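Subject: A structure for you to look at

Hello,

Here is the structure I promised to pass on. Have a look at it first, then read my notes below.

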Number of protein chains: 2
Amino acid sequence: MAVAARITIAEIAARAGVSAPTVSRVLNQRGDVAADTRERVEHLLAEHGYRRRGAPAPRPWTLIDLVFDDIDSPWALEVLRGVEDEAHGLGAGTVVSAVHGRAAERRRWLDNVRGRESGGAVLVTTGLDAALRAELQELRIPVVVVDPAGGADLGLPTVGATDWAGGRAATQHLLDLGHTRIAHVAGRPDLWCSRARLDGYRAALDAAGVDLDRDLVATGAFDYRSGFEVTSRWLADGAAPTAVFAASDQMALGVYEALRQTGRRVPDDVSVVGFDDLQEAQWSSPPLTTVRQPLDQMGRLAVRTLRRITDGEDVASPRVELATELVVRASTAPPRTA
Amino acid sequence: MAVAARITIAEIAARAGVSAPTVSRVLNQRGDVAADTRERVEHLLAEHGYRRRGAPAPRPWTLIDLVFDDIDSPWALEVLRGVEDEAHGLGAGTVVSAVHGRAAERRRWLDNVRGRESGGAVLVTTGLDAALRAELQELRIPVVVVDPAGGADLGLPTVGATDWAGGRAATQHLLDLGHTRIAHVAGRPDLWCSRARLDGYRAALDAAGVDLDRDLVATGAFDYRSGFEVTSRWLADGAAPTAVFAASDQMALGVYEALRQTGRRVPDDVSVVGFDDLQEAQWSSPPLTTVRQPLDQMGRLAVRTLRRITDGEDVASPRVELATELVVRASTAPPRTA
DNA sequence: CTGAAAGCGCTTACAG
DNA sequence: CTGAAAGCGCTTACAG
């Protein structure tokens, strides 16, 4: 098996029109090289993929990076499972990091990546500003974003789910059961997926000729607490809905608890639909009707996309959405009055 | 700053009483070297920490490894959070792997580790047989085990929780409320922690002069399903307990659902206590009384222990147990009859 | 800031 | 299976 001949310092020197020692100085970050000489040499080194003699061939795909803002939710766990399993199958380890939306922790992660190989990074709902983009570009590793934040188009491959269709399906299910006072606890407004689910909810109401009651739409943060608080407020206002569509399973569990504390039963008094289909949806009492998004598959797809970029294949679409699916369990029923 | 002079092939050769080319052959894994020569040379290379000229100095603590059998439970997520945050703070990335108890996946992980640096491995409830120990020893990375499986003493530092005391506290809490028909859903029998919780349960009953009813002790697998099934069986047998202590929060949620499906309410009809204090314990309806074990702290401690081993410090105790703590929420109350 | 020369560390091709 | 010799790739010390 012929190994591609490694380019040597001498060859680089010839092409750059300098001597070997000069190339050596550039390689070893010595200060005493003219700026334009250095630039010319560095460009040639990069172009020919120069590696020093003893250095082992870089093994791409020994590691990939998975970056969350936080890993405190079961949601993150599902994505991690898919990413880890897919990467493991390709022989790569998965480096998991949580940067907590803080610049210092992001920097620490970048410093860490600089000190090793990385076959690419999967960023999960992570904000991706110009500075970070520039740094990642400098590191020359491919990047895929799962559930991107809102804002300008990233110009990067992204993976998501059919959130709009899911929001519509959840709402349609409640309409089909006979509900008309359907509340919605929306998700973090900084993420596109939240807006898509909200618009799906609106579209279903529109199509059914049900007027949107603005008092029955509130914004949560995808977590248990906000589901609890929003619902408690609705119940205290006396304008209780007969059904609640929460944009995440965790918020749906908060809705459960607010209902329980006021003596209401699910689904007898109020129907509840979640979004995600975390394992927690099955573990709740009653088991939660929800919109399944294939988070593990989204993770897998992100890894495969990184791999395709590495292999130089064209990534067909910069934005892929995997299908959502309504999973009916025991938390939804016709309204009492029907 | 003086850099310790790197040992050269020539020096190794002199010490081994062979020529430089022979050392080179050993280094480059050529076949044509006598077994005893190879061994002598390899020993010297290791002893003097030989590194080839161009090779960058190894940067320990760029990465550490965290190995689970499975990462499908929120339990794993809590450990991960602690490990990741502690490692991140030390500038290291956390490589997460799930080996699913399969030799092939374990091998794949080991192959991956061989191709990069690792500052050490935290094994979580992972079986650690002689073969794996030998391989890890060969890789020369420190190892710490969280919640070790039962069986022979590992001779490795381990991190756990005061499971026995936790089991006792959970049971005592139920006794204090007036319960005497207290069932126990035990955890995976292959883990020490399960046995310790069971023994704590027994000890509390003994101390209170309550006879152990063997029919009220069943073995689960720490998961939702087994909690559900064990409880359903008890209820079907007509010998229903007035309280259930489950050895994990996930099993406790299965207990909830079995009770709900038979029209029983928590805690009015049956009290339930879990173990772990996962986030899910707060998210359940009613919020679950449980024994908190500081899983994130256990993860942090495991990382700090790896670090201490790396730094050559003595690891004071091969076995550290962090304190558990009873957290009373809304799933426990006096028995109806009391 | 740069190159010609010397020299180090390692590997290869050959001989036995 | 091993070594003496040759040679490659790279760096260092010196000169300008």
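Helices (H or I, at least four residues) and strands (E, at least two) are DSSP runs, numbered from the N terminus. With that numbering, helix 2 of chain A and helix 2 of chain B each supply at least two residues of the surface near DNA strand D. Here, a residue is near a strand if one of its heavy atoms lies within 4 Å of it.

Some ground rules before the rest. This is a predicted model, in which local features need pLDDT of at least 70 and side-chain atom pairs count only at pLDDT 80 or more, while totals for chains, interfaces and linings use all residues. Residues are numbered from 1 along each chain as its sequence is written, chains are lettered from A and ligands numbered from 1 in the order in which they are written, and side-chain values use heavy atoms, with hydrogens and water left out.

**DNA strand D**

There are 20 residues around DNA strand D, and A:Ile9, A:Ser24, A:Tyr50, B:Thr37 and B:Arg53 come nearest. Of the strand D atoms within 4 Å of the protein, 70% belong to sugar or phosphate and the rest to bases. Try finding these phosphate oxygens: one is 2.5 Å from a polar backbone atom of A:Ile9, and a polar side-chain atom of A:Tyr50 lies 2.4 Å from a phosphate oxygen.

**DNA strand C**

DNA strand C also has 20 residues around it, with A:Thr37, A:Arg53, B:Ile9, B:Ser24 and B:Tyr50 the closest. For the strand C atoms within 4 Å of the protein, the share in sugar or phosphate is 67%. The side chain of A:Thr37 has an N or O atom 2.6 Å from a phosphate oxygen of strand C, and for a polar side-chain atom of B:Ser24 the distance to a phosphate oxygen is 2.4 Å.

**Inside the protein**

A nonpolar core is a set of buried Ala, Val, Leu, Ile, Met, Phe, Trp, Tyr and Cys residues joined through side-chain atoms within 4.5 Å, where buried means under 20% relative accessible area (1.4 Å probe, protein chains only). Which residues have the most contacts inside the largest core? They are A:Phe68 and B:Phe68, in a core of 56 residues. Apart from it lies another core, of 24 residues, including B:Ala218 and B:Leu288.

Finally, chain A is divided into domain 1 (1–57), domain 2 (63–161 + 297–321) and domain 3 (163–294), with bounds from an automatic or database domain assignment.

Enjoy exploring!

Notes:
A polar contact is a pair of N or O atoms within 3.5 Å; within protein, one must be able to donate a hydrogen and the other to accept it, and residues adjacent in sequence count only if both atoms are side-chain atoms. Buried means under 20% relative accessible area, exposed over 50%, partly exposed in between (1.4 Å probe, protein chains only).
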